[in-house]
Amino acid sequence: MAVLEETHTRTVRSCAWSPSGKLLATVSFDATTAIWENIGGDFECVSTLEGHENEVKSVSWNASGSLLATCSRDKTVWIWEVMPGNEFECASVLQGHTQDVKMVKWHPSMDVLFSCSYDNTIKVWAEDGDGDWRCVQTLCESNNGHTSTVWALSFNAEGGKMVTCSDDLTLKIWETDIERMVSGDDHTPWSHICTLSGFHDRTIFGVDWSREGIIVSGAADDAIRFFVESKDGLVDGPSYRLLLKREKAHDMDINSVQWGPGENRLLASASDDGTIKIWELATLR
């Protein structure tokens, strides 16, 4: 076990392992991003990325580990290029959100970046032919998007569907043509396919989609919900049903839920009550 300290001076909000597992990125309310490397069993801070004006809220590595994205209360998203020798170079500063950006997440297989914000939108960012990054789509209320802060998002294993959660007490499922996207069209649009409402009665802060297709949500109502795609064969497209619910999973708000990478159905939930709980989903009904 290691304690990584003496680098950040304020709350550490988010962390993410690089795909190789060699580097850990942490972001803080002190406006910095720290890069840690496991050197002989000890973690050392090998780089500190500065540029955001204030609190950094989220960090994400792309699938190859060549790009890092961060977002902040300063309304910007930064893309960093990973250079030799643990150097990081700012590749782009993305300005499009009008409020605090809550989360950034790379698509699981493509170099397409997603960000969600206090401005109620999800933005999709891709690189054009000239090496410039730009917003290629905004998912907002006018195209069946959320009506309040979007806190988190997650992709299914294939990367063709996305789930988002919000202060508006709903989860929304979005879909794209993944074959077209993988063939090289970064501008493949995403469209809303369904909304899950009435399952939480306070802000939904966390959502994660497991490799076998189970969506989990955690909220300020202290509850965890599990959803799976309904196989009813409805004509009007996919729908999702409640698989399981756990009331009072924590004593206070649940801020994050995350499936483990292994084959067993392990779930971690983190809460304002100061605890992290590990759950095992035993059977699917």
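## Two domains

Domain bounds in this report come from an automatic or database domain assignment. With that in mind, let's look at this predicted model. Its chain is divided into two parts: domain 1 covers residues 1-100, and domain 2 covers residues 140-284. How far apart do the C-alpha centres of domain 1 and domain 2 lie? The distance between those two centres is 25 Å.

## A look at S47

Let's pick out one residue, S47. You can find S47 in strand 4, which is made up of residues 42-50. Is S47 buried or exposed? The relative accessible area of S47 is 13%, and because buried means under 20%, S47 counts as buried.

Which residues does S47 touch, leaving aside those up to four places away in sequence? The contacts of S47 are T33, A34 and I35, together with N86 and F88.

## An open sheet of four strands

Now move along the chain to an open sheet of 4 strands. Reading across the sheet, the order is 17-18-19-20, and the pairing is antiparallel. At the edges sit strand 17 (204-209) and strand 20 (239-246), each of which pairs on one side only. On average, neighbouring strands of this sheet are turned by 25° against each other, with direction ignored.

## Where strands 19 and 20 meet

Let's zoom in on one pair from that sheet. Strand 19 spans residues 224-230 and runs antiparallel to strand 20. How many bridges join strand 19 to strand 20? There are 7 bridges between them. To see this pairing in the structure, try finding F226: opposite F226 stands L244, in strand 20.

Key. Residues are numbered from 1 along each chain as its sequence is written. This is a predicted model: local features need pLDDT of at least 70, side-chain atom pairs count only at pLDDT 80 or more; totals for chains, interfaces and linings use all residues. Side-chain values use heavy atoms; hydrogens and water are left out. Helices (H or I, at least four residues) and strands (E, at least two) are DSSP runs, numbered from the N terminus. Buried means under 20% relative accessible area, exposed over 50%, partly exposed in between (1.4 Å probe, protein chains only). Contact means heavy atoms within 4.5 Å. Two strands pair if DSSP finds at least two bridges between them. Axes are lines fitted to C-alpha atoms, for helices over the stretch in contact, and angles run from 0 to 180 degrees between N-to-C directions.
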